[in-house]
Structures are given as structure tokens and as C-alpha cells.
Amino acid sequence: MSKVSVILPVYNVEKYIAKSISSILEQTYTNFELIIVIDGSKDNSEVIARGFEQVDDRVRVYTKSNGGLSDARNYGFSLATGEFIYFLDSDDWVEPNLLQDNLEIILEEELDFIVFGFFQDNANVNEEVIEQIEHIPKNTHWLNGDSIHLTSYMLNILGYAWNKLYRKDYLDRYGINFTKSVSLVEDILFNARVYQYSSQIVFNQKAYVHYIQRPEMTLTKKFHEKSFEWVKLKHVALSAFIDAWSFNNKQEILANNLIGGLRYCVLNLFRYKNQFNYIQKIEYIKKMLNDADLVNYSQFYKPITSSDKIYHQFIKYRAKYLIAMMAQTRG
């Protein structure tokens, strides 16, 4: 019976961690270890986790100084003794058949990893789910070398770490781990390498993870000075993945990443408190607009909405003041 190591990084999630841990302990597949990494958490998360550790010997709790999500995942991975690895975020939870269903497929088909669907649960301030969106892979099997059109929807499915089950020796073989000191794009940096070395990607067209979207300050809802640097890291990782797989729409994928990344960075710059005055913000935008990859790939961008078309023109003519004005108008 194959053993799974579930890695749960924890930082200030005392309101959510019990449900997350319980959803793992309630798995129908029971041969697993739950490695909880308390990453410098300052609330009662560790106390709650220790309570589970005392009553279930599959739970192991470790503490370390705060190093961020990637560092905590790598730390947990270094302690894992299972044949397979599953990463879960400690403010989300999973269906009871996640491990059993996906392990059956991965063993039967002798896979190095498997990709499955998830639920996006949009919650209100009372933790009530007011909307649930099911994200299911549109395909069942890709072979490297086939002519594949990689859509934004499927790239989103491929991006996250928590809707995958990985074979540990595959990750070890290629030295695949999470990039430290990077936020927002750490999952796709990891997974791009996972796919890059693979001859196939198999999808389970069922949803198992409840990815909770809450109306409060989260990692993605604050200012990140290095956000465009991270967009460029994603660009490099996607380029390597696309080249390894020969997707037939490389330029479009990379253009979407760079232009979508620019829009996020500009909104982030004006929406959240930071140290820059207006002139410095304009210079920040100018620097992004002059990026060689952005200039090169923006010609391949295919705008959909009228807003996309306007933004594309602003980028084409490097209209930094108009881009700033649009961000301020959106507030």
C-alpha cells in the first residue's frame, strides 16, 4: 500500500486550519502522513495543529522561522517519507476521496503525476459560500509531440500545486522544488518544470479541492514591489515548458502572461499602499513598458474585450500616463 506525504504549510490561519486538517484525516485512503509546517505563525495555528498531532499518529508538526510558502513547502518535502506527495494550502480543504481516486489512477497508469479539478468557493465574511465555480480539465490525456492549443483555462488548471499528486522520486530525479522568496507565481514555476520533463500529462476530470476565495486581505491583495520580476520569472518558465511541448500557440500564451502581468502590476501599484509617489509610479510603469520581452510579444496579443483593445493600444504606444489613469479609474 503506497504511502502519501501530505504537506501543509501554515502561517496565521487559526480560523481555517482545523477544517483543512480534518479534511485530510477524513480521507478514505488512510496510508498517509500529514506534515504540518508552522512557518513562523504568530497566532494559535500551532496549538490547533498540536491538538490533532496528539490524537492521530499520522500527524507530524514542525516549526521553523518564517520563510514564506515556498520555503515551508520545501522544508516539508525534505521530511517526507511517502512515495507520493500532495501539497495543500492550510486555508483550503479537500473532498474525502482525493487521495484514493487519484492514487488509483496514478498507480494503474504508472504516472509520475496527475492533474485534477477543483471548486472555487467564493465566501462572504461569515465564511458562507455564496458562489461555487467548478474548474474541470477539458482534456483527459496529452502526449508530448501532439499538436495542442494551450488555452488560458487549461493553463490555470495546470498552474496550481494543490490540484496535483506527484511521485516523489520524479521530483527528486529532476531536482524540482519551489523557488524561495517568490510569491504569486511560485506554483507555476514549480509545475512548469514538472511538465517540461514529462512525455505525457493525464487529467482526472473530477473536482476534489475547495479553493476558498475570501473578502479580506490576502497575499494577492497587497502591494508587491517585485511583482513584474515574478511575471518575468513566469515568462521564462512558461517558455521552457512550451518549447519542451511544442504547443502551437506559444506567442499568444507568452503575450497573455506578459500583458496580463503588466495589468496586474499597475493595478497593484495604484490600489495598495506603497512607498512610491506619483512620479515614481510613472517611472515604474515606464520600466515595465520598455521591457524587451513585453515589446516583442505584445504584437501577438489577441484582445477580447474593448478594455483589452484599449490597453493593448496603450502598451503599443507606451502611454504610461494613460495606463496610470486607467488604473486609478478602476481604483
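Reader: At roughly what angle do the axes of helix 9 (residues 250–271) and helix 12 (residues 306–316) cross?

Author: This is a predicted model, in which local features need pLDDT of at least 70 and side-chain atom pairs count only at pLDDT 80 or more, while totals for chains, interfaces and linings use all residues. Residues are numbered from 1 along each chain as its sequence is written, and side-chain values use heavy atoms, with hydrogens and water left out. Helices are DSSP runs of H or I with at least four residues, numbered from the N terminus, and axes are lines fitted to C-alpha atoms over the stretch in contact, with angles from 0 to 180 degrees between N-to-C directions. The axes of helix 9 and helix 12 come within 12 Å, and they cross at roughly 90°.

Reader: How is the mutual orientation of helix 9 and helix 12 classed?

Author: Angles under 35 degrees count as roughly parallel, over 145 as roughly antiparallel, 65 to 115 as roughly perpendicular and the rest as oblique. The crossing of roughly 90° therefore makes helix 9 and helix 12 roughly perpendicular.

Reader: How do the residues of the contact of helix 9 with helix 12 divide by class?

Author: Contact means heavy atoms within 4.5 Å, and on that basis Ile259, Leu262, Arg263 and Val266 in helix 9 meet Ser307, Asp308, Tyr311, His312 and Ile315 in helix 12. Ala, Val, Leu, Ile, Met, Phe, Trp, Tyr, Cys and Pro count as nonpolar, Asp, Glu, Lys and Arg as charged, and the others, Gly among them, as polar. The contact of helix 9 with helix 12 thus comprises five nonpolar, two polar and two charged residues.

Reader: How far does arginine 263 lie from the ring centre of tyrosine 311?

Author: A charge sits over a ring if NZ of Lys or CZ of Arg is within 6 Å of the ring centre and within 35 degrees of the ring normal. Lysine 138 has its charged end over the ring of tyrosine 153, 4.8 Å from the centre. Arginine 263 lies over the face of tyrosine 311, and its distance from the ring centre is 4.3 Å.

Reader: How are helix 8 and helix 9 oriented to each other?

Author: The axes of helix 8 and helix 9 come within 10 Å and cross at roughly 170°. Helix 8 and helix 9 are therefore roughly antiparallel.

Reader: Which residues of helix 8 does asparagine 257 touch, not counting residues up to four places away in sequence?

Author: Asparagine 257 is placed in helix 9. Its relative accessible area is 9%, so it is buried, a term that means under 20% relative accessible area, with exposed meaning over 50% and partly exposed in between (1.4 Å probe, protein chains only). The contact of helix 8 with helix 9 has 10 nonpolar, five polar and four charged residues. Asparagine 257 touches Val231, Lys234, His235 and Leu238.

Reader: What kind of aromatic pair do tyrosine 170 and tyrosine 174 form?

Author: Rings of Phe, Tyr and Trp (its six-membered ring) pair if their centres lie within 6.5 Å; planes under 30 degrees apart count as stacked, over 60 as edge-to-face and the rest as tilted. By this rule there are 28 aromatic pairs. With ring centres 5.3 Å apart and planes at 70°, tyrosine 170 and tyrosine 174 are therefore edge-to-face.

Reader: What kind of aromatic pair do tyrosine 195 and phenylalanine 241 form?

Author: Tyrosine 195 in helix 7 (residues 186–196) and phenylalanine 241 in helix 8 (residues 227–245) are 46 residues apart, and the pair links distant parts of the chain. Tyrosine 195 is buried at 0% relative accessibility, and phenylalanine 241 is likewise buried, at 0%. The ring centres are 5.1 Å apart with planes at 40°, so the pair is tilted.

Reader: How many of the 11 residues of helix 7 are buried?

Author: The buried residues of helix 7 include Glu186, Asp187 and Tyr195. Helix 7 is largely enclosed by the rest of the structure, because its buried residues number nine.

Reader: Near what value is phi of serine 181?

Author: Most residues other than glycine have a negative phi. Serine 181 lies in the loop between helix 6 (168–173) and helix 7, and is exposed, with a relative accessible area of 64%. Leucine 184 lies in that loop too, with a positive phi near 75°. Phi of serine 181 is also positive, near 60°.

Definitions and conventions. Helix = DSSP H or I, 4+ residues; strand = E, 2+ residues; numbered from the N terminus.
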